[in-house]
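Trainee: I should like to take a close look at a single part of this model, the charged patch on its surface. Could you describe that part and then place it in the context of the whole chain?

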Amino acid sequence: MFGIGGGELVFILFIVLMLFGSDKVPEIARTMGKAMAQLKNATNDIKSEIHKGAEANGFDAKSLTDITGNINAEINNAKNNLLGDTTNLLGDTTHEIEKVKEDIDSISGPVKRQM
């Protein structure tokens with residue numbers, strides 16, 4: 001739940017109990033429950049209005065799924081065209097780095113450590 005573990009949840013409940021007292025906690029919980037129920041009802045109303053508007057304009061669930069599927073396919077196609085083939089991107093780079101290291105070693109000789 002929101003990335004909060006059991007210990008953190010107990011600590012938060014303890015702080016709430018200390019701040020508001022044991023007589024206010026049930027009232028706060030009821031108020032939060034009512035607010036969550038109203039939020040759920042509002043989101044369901046918005047969803048139903050969107051579906052009614054889509055049906056009034058001749059869209060059904062299948063056509064909306066087809067449209068969004070086509071849009072997603074086009075986005076993925078554009079992404080693939082933009083990025084191109086990135087499978088061997090680092091392979092060439094590491095080969096070039098190794099060549100430069102060998103050239104530096106051949107010019108400067110072996111590295112000696114001083115203590």
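Mentor: Glutamate 98 has a relative accessible area of 42%, which lies between the 20% and 50% limits, and therefore this residue is classed as partly exposed. The model in which this value was computed is a predicted one. Glu98 belongs to a negative surface patch, whose other members are Glu102, Asp103 and Asp105. Within the fold, glutamate 98 is located in helix 4, which covers residues 89–108.

That helix is part of a chain with four helices and zero strands, so that the pattern along the sequence reads α-α-α-α. Of the 115 residues in the chain, 1% count as buried. The exposed area of the chain comes to about 10,700 Å², and 63% of this is supplied by carbon and sulfur atoms.

A nonpolar surface patch is also present, with an area of about 990 Å². Its members are Ile4, Leu9, Phe11, Ile12, Leu13, Phe14, Ile15, Met18, Leu19 and Phe20. One of them, leucine 13, sits in helix 1, which runs over residues 6–20. Leucine 13 has a relative accessible area of 53%, and because the limit for this class is over 50%, the residue counts as exposed.

The geometry of helix 1 can be checked against its length. Its 15 residues should span 21 Å at 1.5 Å a residue, and the end C-alpha atoms are indeed 21 Å apart, so the two values agree. Glycine 21 follows helix 1 and has a positive phi, near 85°.

Helix 2 can be treated in a similar way. It comprises residues 25–56, 32 residues in number, and reaches 46 Å from its first C-alpha to its last, close to the expected 46 Å at 1.5 Å a residue. Just after helix 2, glycine 58 adopts a positive phi of about 90°.

Notes. Residues numbered from 1 in each chain as written. Predicted model: local features only at pLDDT ≥ 70, side-chain atom pairs only at ≥ 80, totals over all residues. Heavy atoms only, no water. Patch = residues over 30% accessible without salt bridge, like charges linked within 9 Å, V, L, I, M, F, W, Y side chains within 5 Å. Areas by Shrake-Rupley, 256 points an atom, 1.4 Å probe, with all protein chains shown as cover. Salt bridge = Lys/Arg side-chain N within 4 Å of Asp/Glu carboxyl O. Lys, Arg positive; Asp, Glu negative; His and termini not counted. Charge placed at Lys NZ, Arg CZ, Asp CG, Glu CD. Helix = DSSP H or I, 4+ residues; strand = E, 2+ residues; numbered from the N terminus. Buried < 20%, exposed > 50% of the residue type's maximum accessible area, 1.4 Å probe, protein only. Expected span 1.5 Å × (residues − 1).
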